[in-house]
Amino acid sequence: MYSSTLETINPGDLVQISRLTRWGGTMPTGRRGIVIEKSYEAYERHYSKWKVLVDGKVETILESKLRLVQDGQ
């Protein structure tokens, strides 16, 4: 449900954006973006917020909704 401890998101990374379901899981939206910067550092990583460039607009998104796009995806 939350970001893997092996995934470290950094500015410049390409990420896939998911949405939270009613039951706390995530569902892919098909949207992708480029991470600009961390806007809020939370004690628990999945509550941290990142500024992400999506379709030409900057959005603030929880880390729990972001997944790194691996090479070739």
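**Five strands in a predicted model**

In this predicted model, strand 3 has a covered face with Trp 50, Val 52 and Val 54. Its uncovered face holds Lys 49, Lys 51 and Leu 53.

Q: Which residues make up the covered face of strand 3?
A: In a regular strand, side chains alternate between the two faces of the sheet. In strand 3, the uncovered face is made of Lys 49, Lys 51 and Leu 53. The covered face is made of Trp 50, Val 52 and Val 54.

Q: How many helices and how many strands does the chain hold?
A: Read along the sequence, the pattern is β-β-β-β-β. The count is zero helices and five strands.

Q: What is the order of the strands in the open sheet?
A: The sheet has five strands with antiparallel pairing. Strand 4 (57–62) and strand 5 (66–68) are its edge strands, and each pairs on one side only. Neighbouring strands are turned by 50 degrees against each other on average, direction ignored. The order is 4-3-2-1-5.

Q: How many bridges join strand 1 to strand 2?
A: Strand 1 covers residues 14–20 and runs antiparallel to strand 2. One bridge pairs Arg 19 with Met 27 in strand 2. The number of bridges between strand 1 and strand 2 is seven.

Q: Which residue in the turn between strand 1 and strand 2 has a positive phi?
A: Strand 1 and strand 2 form a hairpin. Five residues lie between them. The phi in question is about 95 degrees, and the residue is Gly 24.

Q: In strand 5, which residue is the bridge partner of Ile 17?
A: Strand 1 and strand 5 run antiparallel. Three bridges join them. The partner of Ile 17 in strand 5 is Leu 66.

Q: Which residue in strand 3 stands opposite Lys 38?
A: Strand 2 (residues 26–40) and strand 3 (residues 49–54) run antiparallel, joined by five bridges. Val 35 stands opposite Val 52 in strand 3. Lys 38 stands opposite Trp 50.

Q: In strand 4, which residue is the bridge partner of Val 52?
A: Six bridges join strand 3 to strand 4. The two strands run antiparallel. The partner of Val 52 in strand 4 is Glu 59.

Q: Which residue in the turn between strand 3 and strand 4 has a positive phi?
A: Most residues other than glycine have a negative phi. The hairpin of strand 3 and strand 4 has two residues between the strands. One residue in this turn has a positive phi of about 50 degrees: Asp 55.

Q: Is Asp 55 buried or exposed?
A: Asp 55 lies in the loop between strand 3 and strand 4. Exposed means over 50% relative accessible area. Asp 55 has 70% relative accessibility, so it counts as exposed.

Q: Is Ser 48 buried or exposed?
A: Ser 48 is placed in the loop between strand 2 and strand 3. Leaving aside neighbours within four places in sequence, its contacts include Tyr 40, Ile 61 and Leu 62. Its relative accessibility is 0%, so Ser 48 counts as buried.

Q: Why does Ser 18 count as buried?
A: Ser 18 lies in strand 1. Not counting residues up to four places away in sequence, Ser 18 touches Thr 26, Met 27, Pro 28, Thr 29 and Lys 65. Buried means under 20% relative accessible area. Ser 18 is buried because its relative accessible area is 9%.

Q: Which strand gives the most to the largest nonpolar core?
A: In soluble globular proteins, nonpolar side chains tend to be buried together. The largest nonpolar core here has 10 residues, including Ile 9, Val 35, Trp 50 and Leu 68. Strand 1, strand 3 and strand 5 each supply at least two residues of this core. The strand that gives the most, with three residues, is strand 3.

Q: Which residues of strand 3 does Val 35 touch?
A: Val 35 belongs to the largest nonpolar core. Its contacts, not counting residues up to four places away in sequence, include Ile 9, Pro 11 and Val 15. In strand 3, Val 35 touches Trp 50, Lys 51 and Val 52.

Q: Which residue lies over the face of Tyr 40?
A: The structure holds zero aromatic pairs. Tyr 40 has a residue over its face, at 5.9 Å from the ring centre. That residue is Lys 49.

Terms used:
Residues are numbered from 1 along each chain as its sequence is written. This is a predicted model: local features need pLDDT of at least 70, side-chain atom pairs count only at pLDDT 80 or more; totals for chains, interfaces and linings use all residues. Side-chain values use heavy atoms; hydrogens and water are left out. Two strands pair if DSSP finds at least two bridges between them. Helices (H or I, at least four residues) and strands (E, at least two) are DSSP runs, numbered from the N terminus. Axes are lines fitted to C-alpha atoms, for helices over the stretch in contact, and angles run from 0 to 180 degrees between N-to-C directions. Rings of Phe, Tyr and Trp (its six-membered ring) pair if their centres lie within 6.5 Å; planes under 30 degrees apart count as stacked, over 60 as edge-to-face and the rest as tilted. A charge sits over a ring if NZ of Lys or CZ of Arg is within 6 Å of the ring centre and within 35 degrees of the ring normal. Buried means under 20% relative accessible area, exposed over 50%, partly exposed in between (1.4 Å probe, protein chains only). Contact means heavy atoms within 4.5 Å. A nonpolar core is a set of buried Ala, Val, Leu, Ile, Met, Phe, Trp, Tyr and Cys residues joined through side-chain atoms within 4.5 Å.
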